[in-house]
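Me: I have a model open and would like to learn how to read its features one at a time. Could you walk me through them?

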Amino acid sequence: MTSVMLWFAGCANNSLYHSAVARGQVVQISTSDVVVCIGKRDGAEPEQLLNVYRIELAKGVVEEGESIWQRVHVGKVKIERIIDDHFAKARVIEGKIAWT
């Protein structure tokens, strides 16, 4: 819960943090809804579909120069409403989006 609040606070209060780190992050999850750190300022609009990825350590051998991180597609969300310049509420339409 603390990390969610830190992400939420960081996204809203610091434009550099928002643009460089938090933009696009899922900051809150309920059964079928999420809040994402993307809002009016980022060009988000209701009905937009967004792919959701989880960043994980790569499994197996990683060649020199390759990233040890990999993006794993976990689902899709549809923006239902824009909350403000930084946040939007979205509905999970595909996959299982959960904290790990």
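Reply: Happy to; we will go from the overall layout to charged pairs, then to the core and the surface. One thing to keep in mind from the start is that this is a predicted model.

Me: Let's begin with the layout. How many helices and strands does the protein chain have?

Reply: There are two helices and five strands in the protein chain. Following the sequence, they come in the pattern α-α-β-β-β-β-β.

Me: What share of the residues in the protein chain is buried?

Reply: Of the 100 residues, 27% are buried. For the outside, the accessible surface of the protein chain is about 6800 Å², and carbon and sulfur atoms account for 52% of that.

Me: And among contacts between residues at least 6 apart in sequence, what percentage joins residues at least 24 apart?

Reply: That figure is 47% in the protein chain.

Me: On to charges. What is the general idea behind a charged pair?

Reply: Side chains of opposite charge can pair when their charged atoms come close. In this model the count of salt bridges is seven.

Me: Which residue forms a salt bridge with K78?

Reply: The partner is E47, with the closest N and O atoms 3.3 Å apart. K78 sits in strand 4 and E47 in the loop between strand 2 and strand 3, so this pair links distant parts of the chain, 31 residues apart. K78 is partly exposed because its relative accessible area is 30%, whereas E47 counts as exposed at 53%.

Me: Where do D85 and R41 fit in?

Reply: Their side chains also meet in a salt bridge, at 3.6 Å from N to O. The pair again links distant parts of the chain: D85 is in the loop between strand 4 (69-82) and strand 5 (88-95), while R41 is in the loop between strand 2 and strand 3 (49-57), 44 residues apart. As for accessibility, D85 is partly exposed at 32% and R41 is exposed at 52%.

Me: Why does the salt bridge of R91 and E80 tie together separate parts of the sequence?

Reply: The closest N and O atoms of R91 and E80 are 3.1 Å apart. R91 lies in strand 5 and E80 in strand 4, so the pair ties together parts that are eleven residues apart in sequence. Both residues are partly exposed, R91 at 30% relative accessibility and E80 with a relative accessible area of 33%. Salt bridges with shared partners also join D33, E80, K89 and R91 into one network.

Me: D33 is in that network. Is D33 buried or exposed?

Reply: D33 is buried, because its relative accessible area is 17% and the cut-off for buried is under 20%. D33 belongs to strand 2 (residues 33-36). Its side chain makes a polar contact of 3.3 Å with that of R91. Setting aside neighbours within four places in sequence, D33 is in contact with Q28, E80, K89, A90 and R91.

Me: Now the interior. Which residues have the most contacts inside the largest nonpolar core?

Reply: They are V26, V34, V36, V52, V77, V92 and I97, in a core of 13 residues. The elements giving two or more residues to this core are strand 2, strand 4 and strand 5.

Me: Could we zoom in on one of them? Which strand holds V52?

Reply: V52 lies in strand 3 and counts as buried at 10% relative accessibility. Leaving out neighbours within four places in sequence, V52 is in contact with V26, V72, H73, V74, G75, K76, V77 and I97. For H73, the C-alpha atom is separated from that of V52 by 6.0 Å, with the two residues 21 apart along the chain.

Me: V26 is among the contacts of V52. What else does V26 touch?

Reply: With the same neighbours within four places left aside, V26 is in contact with V34, V35, V36, V52 and W99.

Me: Last, the surface. Which residues form a nonpolar patch there?

Reply: I55, L57, I68 and W69 form one, with about 430 Å² of accessible area together. One of them, L57, lies in strand 3 and counts as partly exposed at 49% relative accessibility.

Notes
Residues numbered from 1 in each chain as written. Predicted model: local features only at pLDDT ≥ 70, side-chain atom pairs only at ≥ 80, totals over all residues. Heavy atoms only, no water. Helix = DSSP H or I, 4+ residues; strand = E, 2+ residues; numbered from the N terminus. Buried < 20%, exposed > 50% of the residue type's maximum accessible area, 1.4 Å probe, protein only. Polar contact = N/O pair within 3.5 Å; in protein donor to acceptor, adjacent residues only side chain to side chain. Contact = heavy atoms within 4.5 Å. Salt bridge = Lys/Arg side-chain N within 4 Å of Asp/Glu carboxyl O. Patch = residues over 30% accessible without salt bridge, like charges linked within 9 Å, V, L, I, M, F, W, Y side chains within 5 Å. Areas by Shrake-Rupley, 256 points an atom, 1.4 Å probe, with all protein chains shown as cover. Core = buried A, V, L, I, M, F, W, Y, C linked by side-chain atoms within 4.5 Å.
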